[in-house]
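Reader: I would like a close look at a single part of this model, followed by whatever else can be said about its surroundings. Please keep it plain.

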Amino acid sequence: MTARVLMLQGTGSSVGKSLLVAGLCRALVRRKLSVRPFKPQNMSNNAAVTAEGGEIGRAQALQALAACVPPSVHMNPVLLKPQSEIGAQVIVQGKVFGRATAHEMQDLKPKLLPYVLESFAVLKREADVILVEGAGSATEINLRKNDIANMGFARAVDVPVVVIGDIDRGGVIASLVGTKAVLDPEDAKLVAGFIVNRMRGDISLFANGMQEIARRTGWPALGLVPFFEGARRLPAEDAYDLIEQRHQRSNGSVSVAVPLLPHIANFDDLDPLAEEPHVDVIMVERGTPLPICDLIVLPGSKSTIADLAALRAQGWDIDIAAHVRRGGHVLGLCGGFQMLGRAIADPDGIEGPSKVSSGLGLLAVETTIQGEKTLTEVAGETLTDLVPFHGYEMHIGSTRAFAPPFARLEDGRNDGAISADGRVAGTYVHGLFADDRQRAAWIARLGGRPAGFSYERGVESMLDALAAHLEAHIDIDRLLRLAR
């Protein structure tokens, strides 16, 4: 089997490429086609564990779900996980490859291209259609020389490209026409058309805009997609999206505050809670005190020691201590669990310069950040109430606990820790709230009323709705004819 291929690139970041690929994957599966998503290079701290025991961007895991196939490391062969303003951990085919600054990354890309092409070849043998997602902007000409994410990849494998513009942020005509103007002529030859995404209001009002873009670029218009309200109910890839989606309170009976730390990771852990109609999930931006609430969740982190320092700089450690004195609950997830302990040591300098930091001291645990990264699916039960769960682990480091364990895993290991009064807990398990049993137990424990819905079925239903939405506004038959 040799798949036909089509690539979606954007005029910029956050124009909706990831959700368009997810929706198109589901739309093509509904046409009885075998589909695989592919993103040569992604940059995100929101990651997912695959069956091979590797990690890929969460967006590609969602796209795999949309395509009704298990996620694979080959769907996102290069994943960059930012650890600072200028540096990132480099994941290649699911495993840690090393670290690189932004400057070093440009020299590293030619060495990564063979891995990208190898993974692409694996998927081509498995599917009828591959939908490739670019990264950032198609016209980052300062980075074009060694590009493996956008036109560099498209040229390497000779695939047609559809350019996506976002009308919701304004300037979509200029961004699409400007893309054509800036593209290298040989790159521009690969562009097979354009789609305008996130149109609000009467779409007929932009009919002449579509015509003008087509006239000025010479690219055919392939669709004008109205804003999809269900997008907020699907996992976000960028932490900045959280500020827009979940900063308002709706007077729910349970309130959950989440500090938005600089290197927040795997923040989709909070999505299932945010879907609960009687729960307010308040994403707290830096510069704002933590509000009075029922539960504070310290989320995962790609740089635990740096985020702990940022938490203290904001005065959030004082807010958390006051919250505990009032009898509030605190839950630390992965990096957040490490922060709750007495000390965090990084002797090998995995997160940066080697150092030791004192934790918040709310749990009698001590963490050492070293060794191989743990990447595995897990199941077990929380020991205070014997409620089962399934989820996954994704962390570097080990934690020595001098407190009762939070949970026991099916493989016999203990996980996490919990305070004597049961109000402060930490765990390495991601995806805890996606388990309907655990989510309901937590809400009830906090005095709320769980809605009783299935989160996983809700995501599936939303993917079907997204596919139907795209079928109505994109010429999918034409997209299939353009793929090669």
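Where is the place of L270?

Author: The model is a predicted one. In it, L270 sits in the loop that runs between β14 (264-265) and α9 (271-275). The residue counts as buried because its relative accessible area is 1%, and the cut-off for buried is under 20%. Setting aside neighbours within four places in sequence, L270 is in contact with V258, V281 and V297. A residue much further along the chain can also be placed relative to this loop: H430 is 160 residues from L270 in sequence, while the C-alpha to C-alpha distance between L270 and H430 is 9.9 Å.

Burial can also be described for a whole helix. Helix α1 (residues 17-29) has 13 residues, and twelve of these 13 are buried. Among the buried ones are K17, R26, L20 and V29. From first C-alpha to last, α1 reaches 18 Å, close to the 18 Å expected at 1.5 Å a residue.

A further topic is open space. The second largest pocket has a volume of about 770 Å³. It is lined by 27 residues, and those closest to its centre are R58, L65, Y392, A434 and E456. Two or more lining residues come from each of β4 (47-49), α2 (58-66), β22 (374-382), β23 (388-395) and α14 (455-473). Helix α2 gives the most, with five residues. By class, the lining of this pocket has 17 nonpolar, four polar and six charged residues.

Technical notes:
Residues numbered from 1 in each chain as written. Predicted model: local features only at pLDDT ≥ 70, side-chain atom pairs only at ≥ 80, totals over all residues. Heavy atoms only, no water. 1 Å grid on protein atoms, 1.4 Å probe; cavity = no way out; pocket = protein on both sides within 12 Å on 5 of 7 lines; lining within 4 Å. Points joined across faces, edges and corners; volume = space filled by probe spheres on them. Helix = DSSP H or I, 4+ residues; strand = E, 2+ residues; numbered from the N terminus. Nonpolar A, V, L, I, M, F, W, Y, C, P; charged D, E, K, R; others polar. Buried < 20%, exposed > 50% of the residue type's maximum accessible area, 1.4 Å probe, protein only. Contact = heavy atoms within 4.5 Å. Expected span 1.5 Å × (residues − 1).
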